[in-house]
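This report goes through charged pairs, enclosed space and strand pairing, in that order. Please keep the sequence and the model at hand while reading.

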Amino acid sequence: MSVAKDRAAKIWPKGAAVTAMILVAAHFAGCAGIGPKTIARDRFDYVSAISESWKRQTLLNLVKTRYLDAPVFMDIGSVINQYSVEQEVGLGLSGEFYQRDEPFFISPEVGVRGRYTDRPTITYTPLMGEAYARSVLRPIPRAAILLLVEAGYPIDYVFRICVQAVNGLENRRTGRLTHRSADPEFYELLILLRRIQNMEAIVMRAKSVDAKETLTVLFRPRNEAATADVERVMGLLGLDPELREFPVVAGSFATNDREIAMLGRSMLQVFSAYASHIDVPESDISDGRVAGATPQDVENEARFSPLIQVHTGTSKPEDAFVVVPYHEHWFWIDDRDIHSKSTFFFLMILFSFTERGVSGQAAPILTVPTN
């Protein structure tokens with residue numbers, strides 16, 4: 001038996017066994033701590049994927065609104081990623097050997113097995129029912145509109161998108177059943193308010209009156225030009241010329257000359273306003289699939305930059321900021337169109353101002369294992 005052992009030692013020295021075990025240990029060490037290593041990769045990849053899907057969903061809903069198709073919103077409720085690593089190692093000897101000078105045979109056996117599993121689970125929450133009414137059909141809160149102005153956004157741009165009426169002056173309505181051109185005085189009001197804002201002669205603020213928080217607009221002209229513009233604005237809105245501060249109330253018409261009534265648009269109206277600037281194939285207009293712009297709207301809107309420029313074509317563009325297919329055509333925003341990209345970003349931020357949650361019964365949730 002000792003002869004067999006000596007022969008085994010010659011065929012497979014002790015150092016070889018040690019080396020094999022070291023290699024196996026190194027294999028296990030390389031797979032240790034898999035969780036921390038995935039954070040940088042997974043977080044970046046999921047953020048990129050969610051951002052891209054959000055942009056595509058927004059553009060698709062704009063296009064669907066242009067075609068009088070119902071917009072559908074699907075929120076990503078959660079992303080849970082599970083990893084598992086299973087490893088197994090085997091180490092042994094096999095063979096036949098005899099005593100003395102008989103033939104001798106022995107062979108080592110080393111086996112390593114492993115399995116790696118990446119199992120993400122993504123939860124989708126469709127926006128519907130009460131949540132849909134809150135987020136899409138309810139007017140944008142006055143506080144959110146004034147907050148955007150105070151944050152530095154141009155007042156004419158914010159009012160043109162978010163406001164439907166101010167003291168009886170109507171913005172355009174773009175819905176197929178409720179279409180109405182804007183009052184010329186409304187566009188004049190936007191131009192005057194922008195000039196007053198540039199001269200820092202208007203302030204939006206919240207103040208407490210009778211233990212209730214009230215939104216107010218304060219005019220403070222500092223030169224003759226600002227004074228003239230403020231007086232014209234007050235004339236358009238039918239305000240008391242002796243006052244300079246006015247509470248902002250909800251509604252289309254003011255009940256007296258000491259307040260400003262403001263009716264915000266719903267997100268569906270905002271989407272419709274954006275969608276009216278989308279290029280559509282002439283064949284779809286002639287076939288009656290989609291309505292064309294009215295000459296009066298084209299003339300009035302020509303005084304301002306288009307809200308957004310969305311192109312259409314039969315082939316997918318190579319250089320697009322965001323692109324979606326619809327009705328055998330491609331619709332996209334050019335990546336070099338800074339104005340459209342910024343207004344598209346504003347639309348996505350504006351949608352975040354709407355209330356997304358619901359009280360009571362939770363909305364249906366769809367959980368999809370992705371493998």
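Is Asp 335 buried, partly exposed or exposed? Asp 335 counts as partly exposed, at 30% relative accessibility. Here buried means under 20% relative accessible area and exposed over 50%, with partly exposed in between (1.4 Å probe, protein chains only).

The model is predicted: local features need pLDDT of at least 70, side-chain atom pairs count only at pLDDT 80 or more, and totals for chains, interfaces and linings use all residues. Residues are numbered from 1 along each chain as its sequence is written, and side-chain values use heavy atoms, with hydrogens and water left out.

**Salt bridges**

Side chains of opposite charge can pair when their charged atoms come close. A salt bridge is counted where a side-chain nitrogen of Lys or Arg lies within 4 Å of a carboxyl oxygen of Asp or Glu. The search of the whole structure gives 13 salt bridges. The table lists some of them.

| Pair | Closest N to O distance |
|---|---|
| Glu 200 and Arg 222 | 4.0 Å |
| Asp 257 and Arg 258 | 3.6 Å |
| Asp 335 and Lys 341 | 3.2 Å |

Glu 200 and Arg 222 form a salt bridge. This pair links distant parts of the chain, with the two positions 22 residues apart in numbering: Glu 200 sits in the loop between helix H7 (184-198) and strand E5 (202-209), and Arg 222 in the loop between strand E6 (212-219) and helix H8 (224-237). Helices (H or I, at least four residues) and strands (E, at least two) are DSSP runs, numbered from the N terminus. Glu 200 is partly exposed at 49% relative accessibility, whereas Arg 222 is exposed at 57%.

For the pair Asp 257 and Arg 258, both partners are partly exposed: Asp 257 has a relative accessibility of 32%, and Arg 258 has 46%. Elsewhere, a network of salt bridges links Asp 319, Asp 334 and Arg 336.

**Cavities and a pocket**

Rolling a probe the size of a water molecule over the atoms shows where empty space is left. On a 1 Å grid over the protein atoms alone, a cavity is a set of points where a 1.4 Å probe fits but cannot get out, and a pocket is an open set with protein on both sides within 12 Å along at least five of seven lines; lining residues have an atom within 4 Å of a point. Grid points are joined across faces, edges and corners, and a volume is the space filled by probe spheres set on the points.

There are 3 cavities of 30 Å³ or more, and the largest holds about 80 Å³. Among the residues lining the largest cavity are Phe 159, Leu 193, Met 204, Val 217 and Met 262. Helix H6 (155-162), H7, E5, E6 and strand E8 (260-264) each give two or more residues to this lining. The lining is made up of 12 nonpolar residues, with no polar and no charged ones. Ala, Val, Leu, Ile, Met, Phe, Trp, Tyr, Cys and Pro count as nonpolar, Asp, Glu, Lys and Arg as charged, and the others, Gly among them, as polar.

The second largest pocket has a volume of about 540 Å³. Of its 22 lining residues, Ile 50, Ser 53, Met 74, Asp 75 and Ile 76 lie nearest its centre. Two or more residues each come from helix H3 (34-66), strand E1 (74-96), strand E2 (105-126) and helix H12 (338-353), and H3 gives the largest share, 7 residues. The lining of this pocket divides into 14 nonpolar, 6 polar and 2 charged residues.

**Strand pairing**

Two strands are taken as paired if DSSP finds at least two bridges between them. Strand E3 (163-166) runs antiparallel to E8, joined by 3 bridges, with Val 166 bridged to Met 262. Val 166 and Met 262 both also line the largest cavity. E3 pairs in the antiparallel sense with strand E4 (169-170) over 2 bridges, and Ala 165 has Glu 170 as its bridge partner. E3 and E4 form a hairpin with 2 residues between them, and Asn 167 in the turn has a positive phi of about 50 degrees.

An open sheet of 3 strands has the order E9-E11-E10, with antiparallel pairing. Strand E9 (311-313) and strand E10 (320-326) are its edge strands, each pairing on one side only. E9 and strand E11 (329-334) are joined by 3 bridges, and Thr 312 has Phe 331 as its bridge partner in E11. Trp 330 also belongs to E11 and is partly exposed at 22% relative accessible area. The C-alpha atoms of Trp 330 and Thr 314 lie 5.9 Å apart, although the two residues are 16 residues apart in sequence.
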